[in-house]
Each structure stands twice: as structure tokens, then as C-alpha cells.
Amino acid sequence: MPEQDKRDFEERYNACFVDFGLKIMTGLIIGSMLGGFFLRGYRKWPMYIGAGLGVGMAYSNCENSLNNFLLAMDPKICVIKKQP
């Protein structure tokens, strides 16, 4: 059974930005390599597809991470109290 992630919301949110940056750059690099090596010339569409795939994967990872954190919280502590 996997261990529970002990990070708080801010750490997860910051990790999402890092994940977005890494996956977009990796997708751009892999796309430019595929466009340069296999398509015999500089074409931009493989870079855009690679960046799009990176954004999609990063969004999915971020959504899962934040949803797991928010769904694991106790709903009783999220109640807004009225002031007298």
C-alpha cells in the first residue's frame, strides 16, 4: 500500500508549477528532436504537440494531487463561523 503524502496545500501547489514547467520543456525538447531528426527539417508542429502533451500530463497530476489533499481533509474544519 502506498504511503500517504504529508505535504500541505502550498507545497503541492508549488510542486504543480514546477511539474508544469518541467513537462512543457521536456515536451518541447522531445518534439523539436523528433521534428529535426525524423522529419528532415525544422517543423514547429511536433514541438506544439509535445508541449500540449506535457501540459495535459501536468494538469492531470496536479488535479489528482490537489483533489487527494482536499478530499482527505475533515469537512468539519472548513465551516465558516458567523461572528456575533
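Which residues does Ser 65 touch, not counting residues up to four places away in sequence? I put this to the model, which is a predicted one, and found that Ser 65 touches Arg 7 and Arg 12 once residues up to four places away in sequence are set aside.

**Entry on Ser 65.** I placed Ser 65 in helix α2 and then looked up its cover. Ser 65 has a relative accessible area of 14%, and because buried means under 20%, I entered Ser 65 as buried.

**Entry on the chain as a whole.** I stepped back to the protein chain, whose secondary structure comes to two helices and zero strands. Of its 84 residues, buried ones make up 18%, so that figure went beside the note on Ser 65, which is buried. I also looked up the exposed area, which is about 7200 Å² for the protein chain, with carbon and sulfur atoms supplying 66% of it. For contacts between residues at least 6 apart in sequence, I noted that 64% join residues at least 24 apart.

**Entry on Asp 19.** Turning to helix α1, I found Asp 19 there, and its contacts, not counting residues up to four places away in sequence, are with Ala 58 and Asn 61. Is Asp 19 buried or exposed? Its relative accessibility is 18%, and Asp 19 therefore counts as buried, the cut-off being under 20%.

**Entry on Phe 9.** I then looked up Phe 9, which also has its place in helix α1. Leaving aside neighbours within four places in sequence, I listed Leu 66, Phe 69 and Leu 70 as the residues in contact with Phe 9. For one of these, Leu 70, I recorded the separation from Phe 9 as well: the two are 61 residues apart in sequence, while their C-alpha atoms are 8.3 Å apart in space. Phe 9 has a relative accessible area of 31% and is therefore partly exposed, since that class lies between the 20% and 50% cut-offs.

**Entry on Phe 38 and its patch.** Finally I went to the loop between α1 (9–37) and α2 (45–72), where Phe 38 has its place. Phe 38 has a relative accessibility of 64% and so counts as exposed, the cut-off for exposed being over 50%. I found that Phe 38 helps to make a nonpolar surface patch of about 750 Å², together with Met 25, Ile 29, Ile 30, Met 33, Leu 34 and Phe 37.

Key. Residues are numbered from 1 along each chain as its sequence is written. This is a predicted model: local features need pLDDT of at least 70, side-chain atom pairs count only at pLDDT 80 or more; totals for chains, interfaces and linings use all residues. Side-chain values use heavy atoms; hydrogens and water are left out. Patches are made of residues with over 30% relative accessible area and no salt bridge: like charges are joined within 9 Å, nonpolar side chains (Val, Leu, Ile, Met, Phe, Trp, Tyr) within 5 Å. Accessible areas come from the Shrake-Rupley method with a 1.4 Å probe; for residues, only the protein chains shown count as cover. A salt bridge is a side-chain nitrogen of Lys or Arg within 4 Å of a carboxyl oxygen of Asp or Glu. Helices (H or I, at least four residues) and strands (E, at least two) are DSSP runs, numbered from the N terminus. Buried means under 20% relative accessible area, exposed over 50%, partly exposed in between (1.4 Å probe, protein chains only). Contact means heavy atoms within 4.5 Å.
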